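Please look at how helices pack in this chain, and at one glycine in a loop. Have the sequence and the model open side by side.

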Amino acid sequence: MWLKNIQVYDPILQQYDDSCVHIRNHLITELLPDLPKRLSKETVLDLKGYYLYPGFIDSHCHLLGFGASLLEKNLFETPDPSRWFEPMQADTRDVLVYRGWSEDIIGFTPTKQLLDSLGIDKPVLLTRKCGHAGIVNTKTLQTFSLNQYHQLDGTDLSTGFLTEKALLSLYQQMQTCKGSQEASLKAAYQACQRFGICSVHTEDCSISTLETVIPLLRTTPLHLHEKILVNSPEEMDQAIEFCKKYPDTDTFSFGSFKVYMDGSLGAHNANIMHAYSDKPDQHGFSFYTTDELIRFIQSANHHKKQLAIHVIGDQALEKCLQAFEYVASHSDSAMIHRLVHVQMASSDQLSRIKKLPLFINIQPAFAEADRQMAVLRLGSARLAEIGYPYHDIAVKQIPFSISSDAPVETMNPFLILSHAERFMSRKEAFFAYSVAGAIQSHFPNSLGVLKPGSYADGFILPYDLFSVTTEQLADIIPSHLLSNGEICSLNSTTGEVL
Ligand SMILES: [Zn+2]
């Protein structure tokens, strides 16, 4: 197939070329200024007046969780708990999980007592928007074994408040059935395609869920880079052994190990150097010491796998930096690892990141969504000095990519580009949403760019992405999607594939 007379955008050179694009077997094979004189019997689409961009790469999200959030009812549209009863009562699932509350949205923190008073005779979990805290009812505590987590990492079973290890254990115990995971995955990748996202780096499973999740993920049409959550270097060995059964395919790669260093600012469990402004006796927690983290890094280097570390607070970041500085001075590994989020960093910490073999994944939508909460947690002076340091990361030219962290925030890359413009130019942001993600997942020649040999992954607009206003950006729906060599039109209102 040929696409002729189309403006093809190169995010590295930051320019367009009026080109004819040849696509065969999922790949771009040629980019020429004119069609060749002799053409075999191939489809030729004249796209004069249209613009072709490499597909977005969302370098950090949770695809299955995002899909589940699209399928479940948003309970928290109303802050009145008595209105939650009806949708809960009508919900046919055996275990009721609803994600998306926060104190900003509903005005309070729910409790076990409140959930019990609704009189629902099934296990219920209300997951906070950030995914780092949840509230359960008594039925949940009777059905699943969580007693060992009481008072650990801030978990308090007397109020039904669960965080980190308790929440993860609960998720693993109630592992939803395969059918619902298939439906979640389909909803997620269809939503990605509506937005011109052709590749995602996703975190969906831990050691105990590999068996159900990995075979499923290998069925998507998106180019997937999976991050497997591990709690110890020994679990890394187990994951490597397991994945020998499921070698990488054209669209699926087991890319990184994911480690959580701390929680979230919203749930007061991000590990910060100076106490929370709204809880002066608390600094949050780091889940690992510097020495433990060194073992994780050494083990990832040994397996030649990338380590992606969730780090939000400046104290947790400090421990990460000490660990990476130690490993860098004691080994000559060429592996480049990732810090995911980095929501607080001093100028000195950023300079140290720049000297280390590290990439950063940032989520510009957080700065807007967290605005009220972050002032409460950090106070305005500290927030202005070291909070959401995306502008400084760009200015210091630390290699970074942009991502959504969906379902925590929106998956819409156009909306996220509009948030990113507070911190950098649109062209810099687009580079971070395409080329940078491909570099971080070690596919710099096949993803994030449109050139001979790369996957034919992209989206098409009837106007120039870089000439619309910031307000118009948020409403963009591509006219066409190019996914793995197949082109299709999208509905201009819903974005659905036509
Ligand atoms: Zn995440």
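Two helix pairs come next, then the loop residue.

This is a predicted model: local features need pLDDT of at least 70, side-chain atom pairs count only at pLDDT 80 or more, and totals for chains, interfaces and linings use all residues. Residues are numbered from 1 along each chain as its sequence is written.

Start with helix α9 (residues 233-243) and helix α10 (residues 290-303). Their axes lie 9 Å apart and make an angle of about 20°. The two are therefore roughly parallel (angles under 35 degrees). The crossing of α9 over α10 is right-handed. From α9, P233, M236 and I240 meet R295, F296, S299, A300 and H303 of α10. By class, that contact has 5 nonpolar, 2 polar and 1 charged residues.

Now turn to helix α11 (residues 314-330) and helix α12 (residues 347-355). Their axes come within 11 Å and cross at roughly 30°. Here α11 passes α12 in a left-handed crossing. D314, L317 and L321 of α11 meet Q349, R352 and I353 of α12. This contact has 3 nonpolar, 1 polar and 2 charged residues.

Finally, find G154. It sits in the loop between α5 (138-143) and β10 (161-163). Is G154 buried or exposed? G154 has 19 C-beta neighbours inside 10 Å, so it counts as partly exposed (buried needs 20 or more, exposed 12 or fewer, and partly exposed is in between). Beyond its neighbours within four places in sequence, G154 is in contact (C-beta atoms, placed from the backbone, within 7 Å) with T163 and N269. The C-alpha atoms of G154 and G284 are separated by 8.8 Å, yet these residues are 130 residues apart along the chain.

Terms used:
Axes are lines fitted to C-alpha atoms, for helices over the stretch in contact, and angles run from 0 to 180 degrees between N-to-C directions. Helices (H or I, at least four residues) and strands (E, at least two) are DSSP runs, numbered from the N terminus. A crossing is left-handed if the near helix is turned anticlockwise from the far one by less than a right angle, and right-handed if clockwise. Two residues are in contact if their C-beta atoms, placed from the backbone, lie within 7 Å. Ala, Val, Leu, Ile, Met, Phe, Trp, Tyr, Cys and Pro count as nonpolar, Asp, Glu, Lys and Arg as charged, and the others, Gly among them, as polar. Angles under 35 degrees count as roughly parallel, over 145 as roughly antiparallel, 65 to 115 as roughly perpendicular and the rest as oblique.
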